[in-house]
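Colleague: Could you take me through the ring pairs and the sheet of this model?

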Amino acid sequence: MVIMLLLCVGCRAEYNLTINDDLSVEENVLATEDSEFFEEYEKSSVGRVIGIILAPHLDLLNENDYVINNHITEGRSGATIMKKFSSIEEYANSNLFSSQYAENVNYSKDGNKITLSVKGNFSKAEQDQSRFVVDEAAISIKLPFKVIENNADKVDGDVYTWIFTENDTQEREIKIVFDKSKIKKDINYWYVGIVIGIIILLIVLFMAVSYTHLRAHETGRNL
């Protein structure tokens, strides 16, 4: 589930996984460094530095149909790596970079219940040549299904996010369990607001008309 291409030493990684209602999967990894990192290479442009960092990985990424784009901003720059999978099974079985966090990605089905979990940690040791050093990371999973169980640090609607800081050195489990047969219906609050407004207006009009008729009836009776 955690598929990270971590490009620099001590970089920040943002990983977004989207599970669609047809159980296809879209992943988007953004790995960046701050401007101070690139300032160390005075004679090279930011884009060239990113290209040099990416170069050893391009063949593998291209062979596995990843789309790679530079991400250059004033504050932080790096690259985005994107791929689409036809199913969760394909995604779980063709994870190129799960070793950056854990040895195995656990995927299981029990009827309509699907469980995705991974247990590990990010490397903090620069001498570990098998993994990239990660200072900060945010891993988000977006899905339209009813979630039965999760241990996310933050939930915002249908997005579940796990946040990692430089102080996270112990093993952590990322886990989410959902029911693929139950799709959450998005509430259109704008539409609901309009309907409620119309109902209130009708009630006010009804009361006004009723009051007018009552006054007219009392006036006629007095005459």
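The questions below turn first to the aromatic rings and then to the sheet.

Modeller: This is a predicted model, in which local features need pLDDT of at least 70 and side-chain atom pairs count only at pLDDT 80 or more, while totals for chains, interfaces and linings use all residues. Residues are numbered from 1 along each chain as its sequence is written, and side-chain values use heavy atoms, with hydrogens and water left out.

Colleague: Are the rings of Phe145 and Phe178 stacked or edge-to-face?

Modeller: Rings of Phe, Tyr and Trp (its six-membered ring) pair if their centres lie within 6.5 Å, and planes under 30 degrees apart count as stacked, over 60 as edge-to-face and the rest as tilted. The centres of Phe145 and Phe178 are 5.3 Å apart and their planes stand at 20°, so this pair is stacked.

Colleague: Is Phe145 buried or exposed?

Modeller: Buried means under 20% relative accessible area, exposed over 50%, and partly exposed in between (1.4 Å probe, protein chains only). Phe145 has 0% relative accessibility and therefore counts as buried.

Colleague: Which strands stand at the edges of the open sheet?

Modeller: Strands (E, at least two residues) are DSSP runs numbered from the N terminus, and two of them pair if DSSP finds at least two bridges between them. Seven strands form the open sheet, with mixed pairing, in the order 3-4-2-1-7-10-9. Each edge strand has a single partner strand, so one side of each is left without a neighbour in the sheet; these are strand 3 (67-72) and strand 9 (154-156).

Colleague: Which residue in strand 10 is the bridge partner of Lys154?

Modeller: Strand 9 pairs with strand 10 (residues 159-164) in the antiparallel sense, over three bridges. The bridge partner of Lys154 in strand 10 is Thr161.

Technical notes: Helices (H or I, at least four residues) and strands (E, at least two) are DSSP runs, numbered from the N terminus.
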